[in-house]
Amino acid sequence: MSARGQDGSSATEAVIKRWDGLRIVGRRDFPGIAQSAGAARRWVLEVLDGHATAETLETLELLVSEVVTNAVLHSDSARPGGLVTVRVGLGGGLIHVEVIDGGSATSVPAIRTTDDDSLSGRGLSWVDRLARAWGADHDDEVGGAVWFQLAIGQPSGRDPLSSP
Ligand SMILES: Nc1ncnc2c1ncn2[C@@H]1O[C@H](COP(=O)(O)OP(=O)(O)O)[C@@H](O)[C@H]1O
Ligand SMILES: [Mg+2]
């Protein structure tokens, strides 16, 4: 297959699959620290300014914050020198955001069940409810990738996409 990466690794294949039909519009590395959630949120809004409805951008802010916070809290990105990489893509009426972290030997991204009084454990539930699609890939060399997609022009996560 011509699109296969030079090393042919499963991580490369996963990336190719995620990016099928999308064009990259921004990529940036952030240090693995708590403040990067806000920095990434602001940067993604800058990159997508004028490309989506205000409601979609609001949802985007929330989900970027949650996923980058998770990378810092739950992966090796928080180790000295650790990074969180955010990539933003557009295509087929969708915004695609993916957050690459340093990986974790002890934890995988998974929706937690919470009760009303829980102080934490809602981030991925929000992603699941508000995003059109989302997923998590893991590779020992690359680390973890959590990605999600929102529809550009409509209230996110509700109506079916009308056209590409
Ligand atoms: N990037 C990640 N790497 C490893 N584990 C993760 C990552 N993101 C989330 N998780 C796991 O998924 C769980 C659910 O995440 P979330 O719903 O955001 O809740 P919270 O971060 O408050 O625990 C986390 O508690 C953690 O165990
Ligand atoms: Mg969280």
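Here are three worked exercises on the strands and helices of this predicted model.

**Exercise 1. Lay out the sheet**

Work out in which order the five strands lie in the sheet, and which strands form its edges.

*Solution.*
- Step 1: Start with strand 5 (residues 143-151) and look for its partners. Strand 3 (residues 94-101) pairs with strand 5 in the antiparallel sense, over eight bridges. To check the register, find isoleucine 95, which stands opposite leucine 150 of strand 5.
- Step 2: Turn to strand 4 (residues 133-139), which runs antiparallel to strand 5 and is joined to strand 5 by seven bridges. Here glycine 135 has tryptophan 147 of strand 5 as its bridge partner. The link between strand 4 and strand 5 is a hairpin of three residues.
- Step 3: Put the pairs together. The order is 1-2-3-5-4, in an open sheet with antiparallel pairing.
- Step 4: Read off the edges: strand 1 (23-31) and strand 4 each pair on one side only. On average, neighbouring strands of the sheet are turned by 15° against each other, with direction ignored.

**Exercise 2. Judge the surroundings of strand 5**

Is strand 5 enclosed or open to the outside?

*Solution.*
- Step 1: Apply the burial cut-off: a residue is buried if 20 or more other C-beta atoms lie within 10 Å of its own.
- Step 2: Count the residues that pass. In strand 5, nine of the nine are buried, so this strand is largely enclosed by the rest of the structure.
- Step 3: See what lies across the strand. Helix 3 lies across strand 2 (83-91), strand 3 and strand 5, and runs at about 170° to strand 5.

**Exercise 3. Describe a helix pair**

Describe how helix 3 and helix 4 cross, and which residues make their contact.

*Solution.*
- Step 1: Take the axes of helix 3 (residues 54-74) and helix 4 (residues 123-130): they come within 9 Å and cross at roughly 140°.
- Step 2: Classify the angle. Because the crossing is at roughly 140°, helix 3 is oblique to helix 4.
- Step 3: Add the handedness: helix 3 passes helix 4 in a left-handed crossing.
- Step 4: List the contact. Helix 3 supplies Thr59, Leu62, Leu63, Glu66, Val67, Thr69 and Asn70, while helix 4 brings Gly123, Trp126, Val127 and Leu130.
- Step 5: Sort these residues by character: six are nonpolar, four are polar and one is charged.

Note on methods:
Residues numbered from 1 in each chain as written. Chains lettered and ligands numbered in written order. Predicted model: local features only at pLDDT ≥ 70, side-chain atom pairs only at ≥ 80, totals over all residues. Axes fitted to C-alpha atoms, helices over the stretch in contact; angles between N-to-C directions. Helix = DSSP H or I, 4+ residues; strand = E, 2+ residues; numbered from the N terminus. Parallel < 35°, antiparallel > 145°, perpendicular 65-115°, else oblique. Left-handed = near helix turned anticlockwise from the far one by under 90°. Contact = placed C-beta atoms within 7 Å. Nonpolar A, V, L, I, M, F, W, Y, C, P; charged D, E, K, R; others polar. Buried ≥ 20, exposed ≤ 12 C-beta atoms within 10 Å, placed from the backbone. Pairing = 2+ DSSP bridges.
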